[in-house]
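Student: Could we work through this model together, one question at a time, with each term defined when it comes up?

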Amino acid sequence: MYLLFSGEGPTDMGQSTATAEVCEGTDFLPGPMAWFVDQWVERKAYLSHIENGLCGFIPKPQLVARAKASTSRKSMGLRGKKNHEYETRYYYNNARAMAQIARERPEFSNDKVIVVLFRDGDGTQSAGRGEWRAKYQSMVDGFSREGADTGVPMIPRPKSEVWLLCAVANNYQYCERLEDESGNDRSQNPLKDQLDQALGEGATRERLVERIQNRKIDIERIIDMPSLNRFKERLDDVLNA
Amino acid sequence: MQISHISVSNFKSLMNFQLSLHGFNCLIGLNGAGKSTVLQFMDFLAQQVKGDLDEWLEERSWKAMDINCKLGKSRKRLVTYEVWFKLEGGKRLLWQSMFNPTELKSTSEDVYLVEQDNTSQSLLNVVNGKYALDAQSSQPIPFDYQGSIVSQLKEKDLPVEVKQLKAFLLRFRSLELLTPQFLRAKARNSGGELGLGGQRLSAFIHEMPEEHKKKLETLLIKAYPKLKGVDTRALRSGWKELNIAEEFSNQQLSTEAQHVNDGLLRIMAILAQLMTDHSVMAFDEVENGINPELIEFLIDTLVEAEQQVLVTTHSPMILNFMEDDVAVESVQYLYKTDDGYTRSIPFFSIPSIKEKLTVMGPGEVFIDTDLTRLGDEIAALTQE
């Protein structure tokens, strides 16, 4: 089995030190969300895919370039009776592009590629608009459109900081309401600042990863966050399939 | 020469309104956001140098009081505006004016020539019933006029750049009300111009120089391969009739404009206008009646036009057939503030919209965005 990641930045899925479409080995510096995925998979697979080099990372610019190349001037996703939702195409197009890249991996035909795409539920691309559920479904639809049934949307509501805050600020309790916080970085008390405060230091990729690796932030103990639970369920379904 | 920026206050919903313009410009926004008002203002500007404001109001069935902004508490009557023109060689012209709707004229007016280093010289100054040209001593205005004084001053007296400005605005054409029944009607003569609604098309094409007619035919055939030619003839009474020749399975069919489809007539009107020496062309809801297969042809033609072009649209297809760089530069989103004033912002400069453009076509971004809620994001931006 092979894990394929893509995300928004270093403090979610991670970053790359190369410009390849899929970065592997030392070219990929996994972020906290990649480690979350890895740990959740390890429960079932009994090995760390990251530590064993069984993973790859698509940098955002490369994914975006693929998504843009696939758009056609002559066809576009229109809203209508069958599709009322706004603010979904961003998720759909990114998922499609990622599935296309996944399909080109040799592991796709002779093994299994788990495709995990991270996007903020409410980041720059939607600025507070659109339904989380519709965004999630669009990503699933985007994976399916390209025949990748092993695609898993990782869409925190509103941002990954709330999942981490559940552990470091809430001691894993009453976390559901964190999902109603504003994802706006310019709001009065931005989530990034709240996380920095709770950690007592800047929430860098390295610091977050270290806490996840030594289970000071434990994905298994975060149980009352619907957006994270949806991710866990889907990943389990894909692993069991 | 090109209009590069306008600011205007107290013209309908335009209050402290700013708009930057390029060669090709596309206004989008919800119904009632002020797109047509902007086109009306542009036409109002052009009328200033023609003078006859009574006629302008009549053509639109407006009264003078309809010009003013009805919002807010202020009951100021003066319409103030500032227009920047880009000239060849990096120089610019600045035209500032205060228009009094009661007198239907600009009671105060300035034109400056602005050099690249931002030094400027006065070319025209009107204030307190006196005027001065080229910073000479001012003299009383010996005549009555409507609009700008430029409409009445003798051509030979005007500084070169003011003459240029006037000629430029005289060649502004707005087709904001293009309607099939007008396009279809026979006309006697066009006076070299189509009406606001496309009136006099048959005569306009009849009067076109032969080479323009040929060029128009070639362009139309690109859009409609079945088309064989466009033909006009003068009837005995002086009316001009427009006919379209098509070929179906080797059979030629000639159809009079009365029975030609709307889209073809509209495309014909737009193309015919682009062949004139107009400086700025404005088309409201440019997509109307035009089938999707022709949208790309239409947009390419408008983007490449020699004239400055201003269109409004509600169509995601129109946007999707723009190249990203064209869309980024030319698409302006018009919206209303909570108190009802029209504002503009380059659509693809809004952060969420810019991010979405990285993985979608411009039209797809437009249709995927809940415009009724976009105001919140813009408000947050403008507060910063």
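Tutor: Two residues are in contact if their C-beta atoms, placed from the backbone, lie within 7 Å. The model is predicted, so local features need pLDDT (the predictor's confidence in each residue, from 0 to 100) of at least 70 and side-chain atom pairs count only at pLDDT 80 or more, while totals for chains, interfaces and linings use all residues. Residues are numbered from 1 along each chain as its sequence is written, and chains are lettered from A and ligands numbered from 1 in the order in which they are written.

Student: Among contacts in chain A between residues at least 6 apart in sequence, what percentage join residues at least 24 apart?

Tutor: Chain A has 9 helices and 6 strands, which are DSSP runs numbered from the N terminus (helices H or I, at least four residues; strands E, at least two). Among its contacts between residues at least 6 apart in sequence, the share that joins residues at least 24 apart is 74%.

Student: What is the radius of gyration of chain A, set against a compact globule?

Tutor: The radius is taken over C-alpha atoms, and the globule rule is 2.2 Å times the number of residues to the power 0.38. For 241 residues a compact globule would have a value near 18 Å, and chain A agrees with this at 17 Å.

Student: Which residues touch the most other members of the largest nonpolar core?

Tutor: A nonpolar core is a set of buried Ala, Val, Leu, Ile, Met, Phe, Trp, Tyr and Cys residues joined through C-beta atoms within 7 Å; a residue is buried if 20 or more other C-beta atoms lie within 10 Å of its own, exposed if 12 or fewer, and partly exposed in between, with C-beta atoms placed from the backbone. Of the 164 residues in this core, those that touch the most other members are A:Met98, A:Val115, A:Val116 and B:Ala269.

Student: Which residues of H8(B) are buried, and where do they lie around the axis?

Tutor: The buried residues are B:Ile295, B:Leu298, B:Ile299 and B:Leu302. Because they cover an arc of only 100° around the axis (the arc of the directions from the helix axis to the C-beta atoms), they lie on the same side of H8(B).

Student: Which residues are exposed on the other side of H8(B)?

Tutor: What covers the buried residues of H8(B) includes strand E3 (24-28) and helix H7 (262-274) of chain B. On the other side of H8(B), the exposed residues are B:Glu293 and B:Glu304.
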